[in-house]
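Student: I am new to this structure and would like a close look at a single part of it, namely the side-chain pairs. Could you take me through them slowly and tell me where each partner sits?

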Amino acid sequence: MSREAVHEAFEAMLKRWNGLRFLDHRDFYGVPQSASDARHWVLKVLSAHIAASAEVLETVELLVSEVVTNSILHSDSGHPDEIITVGVGLGERLVHVEVMDKGSTVNVPQMRPVDGDSLSGRGLAWVDFLSSGWGTDYDPEIGRAVWVQLIYR
C-alpha cells in the first residue's frame, strides 16, 4: 500500500471512529514479527492514557495479536514490503483498535467452522468471544479495516 493510500485509509478510519478519541496509529511491515511489535506498541499507547487492569490489557494484547496475525496471514499486505496500519482509540470505558491492510481478493474476515483436530481457524471465534464487538469494512481503493472493541471497567 502506498503512503498516499495509507493516508486515505487513515482518513476513512477516522470517519468510522465518530465519538471515539483517536490516540495514535503506526505502520508495521507485513511480517510475523509485526504481530508482537503491534501488541507491545498498543499496550504502550494504552498504558499512557488509561488505568486498566492487567486482565483488560492482556485481553487487548490477545485481540491485537490475533487481528494483526490474520492481516499478515490472510491479506495481500502479508509481505515484507507491504504495510499494515494499526490505530488505537478510546471511547467511554472502551478501547478501540483498528487494523488496516490491502485486503484480499480471496479471503474475507469471517468466523469459519473448524473440526476438533484443526490447528487453525479459531482466531476470529476468540476475537468474537473476548471482545465487546468487532467488524470489518472494505473499500477496493484503500483496502480492508478490521476493528475490535473492548469495554473495560
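Tutor: What follows goes through the aromatic pairs, then the salt bridges, and then a few places around them.

Please keep in mind that this is a predicted model. To have a frame for the pairs, begin with the protein chain as a whole, which has 4 helices and 5 strands. Read from the N terminus on, these elements follow one another in the order α-β-α-α-β-β-α-β-β. The protein chain has 153 residues, and 47% of them count as buried.

Let us start with the rings, for which a search of the whole structure gives 2 aromatic pairs. One of them joins Phe28 and Trp41, whose ring centres are 6.1 Å apart and whose planes stand at 70°, so this pair is edge-to-face. An angle over 60 degrees is what the term edge-to-face asks for. Phe28 belongs to strand β1, which covers residues 21-29, while Trp41 belongs to helix α2, which covers residues 33-47, so the pair ties together parts that are 13 residues apart in sequence. As for their surroundings, Phe28 is buried, and Trp41 is buried too.

The other aromatic pair is formed by Trp126 and Phe129, again edge-to-face, with 6.1 Å from centre to centre and 85° between the planes. Here both partners, Trp126 and Phe129, lie in helix α4 (residues 123-130), where they are 3 residues apart, about one turn of the helix. Trp126 has a relative accessibility of 49% and therefore counts as partly exposed, since the term exposed is kept for values over 50%. Phe129, with a relative accessibility of 64%, counts as exposed.

Trp126 also gives us a way to a distant stretch of the chain, because Leu62 and Trp126 can be compared both along the sequence and in space. Leu62 and Trp126 are 64 residues apart in sequence, and their C-alpha atoms are 9.0 Å apart in space. Leu62 is found in helix α3, made of residues 54-74, and at 45% relative accessibility Leu62 counts as partly exposed.

We now turn from rings to charges. Side chains of opposite charge can pair when their charged atoms come close. The structure holds 2 salt bridges. In one of these, Glu61 is joined to Arg39, and the closest N and O atoms are 3.8 Å apart. This pair links distant parts of the chain, with Glu61 in helix α3 and Arg39 in helix α2, 22 residues apart. Glu61 counts as partly exposed, at 23% relative accessibility.

The other salt bridge is formed by Lys102 and Glu82, whose closest N and O atoms are 3.3 Å apart. This pair, too, links distant parts of the chain: Lys102 lies in the loop between β3 (94-101) and α4, Glu82 lies in the loop between α3 and β2 (83-91), and the two residues are 20 residues apart. Their accessibility can be set side by side, for Lys102 is partly exposed at 34%, whereas Glu82 is buried, with a relative accessible area of 13%.

Charges can also be looked at where like gathers with like. Glu4, Glu8, Asp139 and Glu141 come together in a patch of negative charge on the surface. Glu141 sits in the loop between β4 (133-139) and β5 (143-151), and at 67% relative accessibility Glu141 counts as exposed. The loop between β4 and β5 also holds Ile142, but Ile142 is buried, with a relative accessible area of 15%. The C-alpha atoms of Ile142 and Ser2 are separated by 9.6 Å, although these two residues are 140 residues apart along the chain.

Two further places can complete the walk. Arg26 has its place in strand β1 and is partly exposed, with a relative accessible area of 36%; its C-alpha atom is separated by 9.8 Å from that of Ile83, 57 residues apart along the chain. Arg93, finally, lies in the loop between β2 and β3 and counts as partly exposed at 40% relative accessibility. Most residues other than glycine have a negative phi. Arg93, by contrast, has a positive phi of about 55° although it is not a glycine.

How values were computed
Residues numbered from 1 in each chain as written. Predicted model: local features only at pLDDT ≥ 70, side-chain atom pairs only at ≥ 80, totals over all residues. Heavy atoms only, no water. Phe/Tyr/Trp six-rings, centres within 6.5 Å; stacked < 30°, edge-to-face > 60°. Buried < 20%, exposed > 50% of the residue type's maximum accessible area, 1.4 Å probe, protein only. Patch = residues over 30% accessible without salt bridge, like charges linked within 9 Å, V, L, I, M, F, W, Y side chains within 5 Å. Areas by Shrake-Rupley, 256 points an atom, 1.4 Å probe, with all protein chains shown as cover. Salt bridge = Lys/Arg side-chain N within 4 Å of Asp/Glu carboxyl O. Lys, Arg positive; Asp, Glu negative; His and termini not counted. Charge placed at Lys NZ, Arg CZ, Asp CG, Glu CD.
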